Amino acid sequence: MKHLTLSIILSVIATITTTAQNNIAEEVAWVIGDQIIYKSEIEEMYQQMQYERTPINGNPYCVIPERIAVEKLFLHQADLDTVEVQNSMIQQQVDSRINYYITNLGSKEKVEQYFRKSIPQMREEMMEQWGNQSRIQQVQSSLTKNMKITPSDVRKYFSELDKDSIPYVPLQVEVQILTQNPTIPRQEIEDVKARLRDYTNRINSGESDFSTLAILYSEDGSSVRGGEIGFMGRGHLEPEYAAVAFNLNDPKKVSKIVETQYGFHIIQLIEKRGDRINTRHILLKPKVSDNDLMASINRLDSVRNEILDKKFTFEEATSVISHDKDTRNNKGTMVNEESGTVRFEMSQLPQEISKEVNNLKPGEISKPFIMKDPKRNSEIVAIVKLTARIDGHKANLSDDYQLIKSMYEKSAKAKIIEDWIDKKIEDTYIRIEDGWRDCEFEHNWLKNK
């Protein structure tokens, strides 16, 4: 990018002057090319980072404007590259975050009071902010997409690491799991459906409000918001839920009873926006009795004994009878969602599994135990097999190649991006106002032109 011409620079200064005349309280902190960073913009980001408890390494009035400046460099490149975003995906993320604020602060009114702006205004600003973040990520991905990593690169990177920089890898385990969902008596299911039909009649007759009943009786986290779940696309909803919800047209009507893996729902339409929908629902979960749990424990105890008698393997049993959809077709192997590998630190496992694994040797199978299904928040019965135990150690290429490769990849990408930023700064008009210059910046913004 060439240096900005004098006419553009004068235009920027004129814009600053005009803004200052129109809003005496507004203060210009930085100028990046033809973009202005105002003090109010910095204060707003500071407030948001405080609310979200985002760590700030240094003086916020140095760190935050530099971060905004870097973003503006990337956004200028995104304009040059005509990078676009999918608004529907951003809208879902924004609605989810606003719902999070409402849940934590208690009401829409409290959210507006805390952030000193209306929900529609917040939504509009967040759409722009998150859309910008998506465009920045696309530019960064484009910069690093052709980076090649070879085993020799990883080995060289590891050999040059300072000893103090080599991470300590805590005890890790590899685990297989086989689960059973206890059989729920038909009468319990009918009782749940009868309660939902009663709620439907009370809503349709005008005796009760849907959101009030959701607050009182729904067993979903959305109950605090009257059952409202926010705008969602089909892909973010359970298939059975989405099939019924997207066919609703009258906000005054209540859906038929819908069964998903989480339980039984009735749904009310709030609003449709293109391929997204906002609904409220009441969820009831059939209760598992102690007898049902004991029956499942006895069933898995028999399975475990037959595995120990070598009538079939743990892997064969898993593929046939396990109810866990995520692991059934993978020989029961659990995958760590944080790392994408099959290794877990003990703290990353569900508490019940960690307790069982702690007492096993590699190759051993636990006795049946009851645990909470983290997705359905209901009780299930499981047995686990400890596949491997890797004691805590300093990372090495033999045991931790993927970890070291990931470290190298992150470092190499960061270097490419940092070099790009430094070059972009060299080619861009930068002005930092008095009072904002006394900082230790990561980049050389105070260069001589």
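This report describes selected helices, strands, aromatic pairs and contacts of a predicted model.

## Helix α11 and its surroundings

Helix α11 is made up of residues 290–308, 19 residues in total. From its first C-alpha to its last it reaches 27 Å, close to the 27 Å expected at 1.5 Å a residue. Its buried residues are Asp-292, Leu-293, Ser-296, Ile-297, Leu-300, Val-303, Arg-304 and Ile-307. When α11 is viewed down its axis, these buried residues fall within an arc of 135 degrees, so they line one face of the helix. Asp-290 and Asn-291, on the other side of α11, are exposed.

Several elements cover the buried residues of α11, including the strands β4 (172–180), β10 (369–373) and β11 (378–390) as well as helix α12 (314–321). Just after α11, the chain passes through Lys-310, which takes a positive phi of about 65 degrees.

## The four-stranded sheet and helix α12

The strands β4, β10 and β11, which help to cover α11, also belong to an open sheet of 4 strands. The order in this sheet is β9-β4-β11-β10, and the pairing is antiparallel. At its edges lie β9 (344–345) and β10, each of which pairs on one side only. Between β4 and β11 the antiparallel pairing extends over 9 bridges. Gln-176 stands opposite Lys-385 of β11.

Helix α12 packs on the sheet, where α12 touches β4 and β11. The direction of α12 makes about 45 degrees with that of β4. The buried residues of α12 are Phe-314, Ala-317 and Thr-318. They cover an arc of only 100 degrees around the axis, and therefore sit on the same side of α12. The cover over these buried residues includes β4, β11 and α11. Helices α11 and α12 thus both have β4 and β11 among the elements that cover their buried residues.

## Strands β6, β7 and β8

A further set of antiparallel pairings involves three strands. Strand β6 (residues 258–260) pairs with strand β7 (residues 263–273) in the antiparallel sense over 3 bridges. The two strands are joined by a hairpin through 2 residues. Thr-260 has Gly-263 in β7 as its bridge partner.

Strand β7 also pairs with strand β8 (residues 276–284), again in the antiparallel sense, over 9 bridges. Ile-267 stands opposite His-281 in β8. The hairpin of β7 and β8 has 2 residues between the strands, and in this hairpin Gly-274 takes a positive phi near 60 degrees.

## Aromatic pairs

The structure contains 10 aromatic pairs. One of them is formed by Tyr-46 and Tyr-61 and is edge-to-face, with 5.7 Å centre to centre and 80 degrees between the planes. Tyr-46 lies in helix α2 (residues 39–51) and Tyr-61 in helix α3 (residues 60–80), so this pair ties together parts that are 15 residues apart in sequence. Tyr-61 has 28% relative accessibility and therefore counts as partly exposed.

The rings of Tyr-100 and Tyr-101 have their centres 6.0 Å apart and their planes at 55 degrees, so this pair is tilted. The two residues differ in burial: Tyr-100, at 43% relative accessibility, counts as partly exposed, whereas Tyr-101, at 2%, counts as buried. Ring pairs link Tyr-100 and Tyr-101 with Tyr-114 and Phe-115 into a cluster.

## Contacts of Val-154

Val-154 is found in helix α7 (residues 151–159). Its relative accessibility is 0%, so Val-154 counts as buried. With its neighbours within four places in sequence left aside, Val-154 is in contact with Ile-149, Leu-397, Tyr-401, Ile-404, Lys-405 and Tyr-408. The C-alpha atom of Val-154 is also separated by 9.1 Å from that of Ser-406, a residue 252 residues apart from Val-154 along the chain.

Technical notes: Residues numbered from 1 in each chain as written. Predicted model: local features only at pLDDT ≥ 70, side-chain atom pairs only at ≥ 80, totals over all residues. Heavy atoms only, no water. Expected span 1.5 Å × (residues − 1). Buried < 20%, exposed > 50% of the residue type's maximum accessible area, 1.4 Å probe, protein only. Arc of directions from axis to C-beta. Contact = heavy atoms within 4.5 Å. Pairing = 2+ DSSP bridges. Axes fitted to C-alpha atoms, helices over the stretch in contact; angles between N-to-C directions. Phe/Tyr/Trp six-rings, centres within 6.5 Å; stacked < 30°, edge-to-face > 60°.
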